[in-house]
Amino acid sequence: HGGPQAQFSWGYGFSTQFFASKGYVVVEPNPRGSTGRGQEFLAAIYRAWGITDYEDVIAAVDYAIAEGISDPDQLAATGYSYGGYMTNVIISRTTRFKAAASGAGSSHVEGIFGHDLYTEWYLWELGVPWENREKYDVHSPVLRAGDVTTPTLFLGGSDDWNMTIANAEMFYLTLKIQDIDTQLVVYPGMHHGGWPERFDKDYLTRIVDWFDFYTLEQE
């Protein structure tokens, strides 16, 4: 989910139901950093984006597999905003997933320093990049692109100033250079949300088609 201080909560979610209607088991964990479990749980990703919460996401996947709910040979991962960032983290830290789709996710924190709207946040948690390069690097999954093998679809709006499309472009190009199957989809004139129905439909349909091809047709 986005935020990272947000949560999947009880209630109807169209995208969740859409994926389920296509035959997918949808696992929506609320890892450390999510709201709903107190301040200590929320602050557990302080200077640890994509680290402690990654462990929790993978634990949820392992649980679903152990319970016989999910097939370990047909896993796919997707998310939007911070969920897109977590998708980028996942493909850079494990090869377990057959396909991934990253929506409006960060990939290189130093590369967008001063460009997106999170500069104050970066300064608060990471300091300035020229004095804390290692902190910026560890939170930048594109720098681990050499470890990625997962076919990945990158999507976002051309005018998204919350999470600039440059993040997707960077990761897309790194995979393209390595001959890893990838696509970049940019929705013209779109921001971080509030898209017209035709783009929302295209977004979800593309992801399902991508997942179907790599989790089903490649058996």
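Let's start in the strands. Leucine 153 has a bridge partner in β4, and that partner is glutamine 183. The model is a predicted one, so keep that in mind as we go.

Now widen the view. Strand β3 covers residues 152-157, and strand β4 covers residues 182-187. The two run parallel, joined by six bridges. How does the chain get from β3 to β4? It passes through helix α7, residues 166-177. This β-α-β crossover is right-handed.

Next, β1 and β2. Strand β1 is residues 76-80, and strand β2 is residues 99-103. They pair in the parallel sense, over five bridges. One partner pair to find on your screen: glycine 79 with serine 102 of β2. Helix α4, residues 82-93, joins in here. β1, α4 and β2 together make a right-handed β-α-β unit.

Stay on β1 and look at its side chains. In a regular strand, side chains alternate between the two faces of the sheet. Which residues of β1 point to which face? Ala77 and Gly79 point to one face, and they are buried. Ala76, Thr78 and Tyr80 point to the other face, and they are not buried.

On to helix packing. Two packed helices are described by the angle between their axes and the distance between the axes. Take helix α3, residues 52-66, against α4. The angle is about 80°, and the axes lie 11 Å apart. That angle makes α3 roughly perpendicular to α4. Who makes the contact? From α3, it is Asp53, Tyr54 and Val57. From α4, it is Tyr82, Met86, Val89, Ile90 and Arg93.

One more residue in α4: asparagine 88. Is asparagine 88 buried or exposed? Its relative accessibility is 1%, so asparagine 88 counts as buried. Leave out residues up to four places away in sequence, and asparagine 88 still touches Ser102, Gly105, Ser106, Ser107, Pro141, Phe154 and Phe171.

Last stop, threonine 215. This residue lies in helix α8, residues 197-215. Threonine 215 is buried too, with a relative accessible area of 3%. What does its side chain reach? There is a polar contact with the side chain of tyrosine 24, at 3.5 Å. The threonine 215 side chain also reaches the backbone oxygen of phenylalanine 211, at 2.6 Å. Setting aside neighbours within four places in sequence, threonine 215 is in contact with Tyr24, Gln74, Leu75, Ala76 and Lys98. Ala76 takes us back to β1, where its side chain was on the face that is not buried.

How values were computed:
Residues numbered from 1 in each chain as written. Predicted model: local features only at pLDDT ≥ 70, side-chain atom pairs only at ≥ 80, totals over all residues. Heavy atoms only, no water. Pairing = 2+ DSSP bridges. Helix = DSSP H or I, 4+ residues; strand = E, 2+ residues; numbered from the N terminus. Right-handed = clockwise from strand over helix to strand, strands pointing away. Buried < 20%, exposed > 50% of the residue type's maximum accessible area, 1.4 Å probe, protein only. Polar contact = N/O pair within 3.5 Å; in protein donor to acceptor, adjacent residues only side chain to side chain. Contact = heavy atoms within 4.5 Å. Axes fitted to C-alpha atoms, helices over the stretch in contact; angles between N-to-C directions. Parallel < 35°, antiparallel > 145°, perpendicular 65-115°, else oblique.
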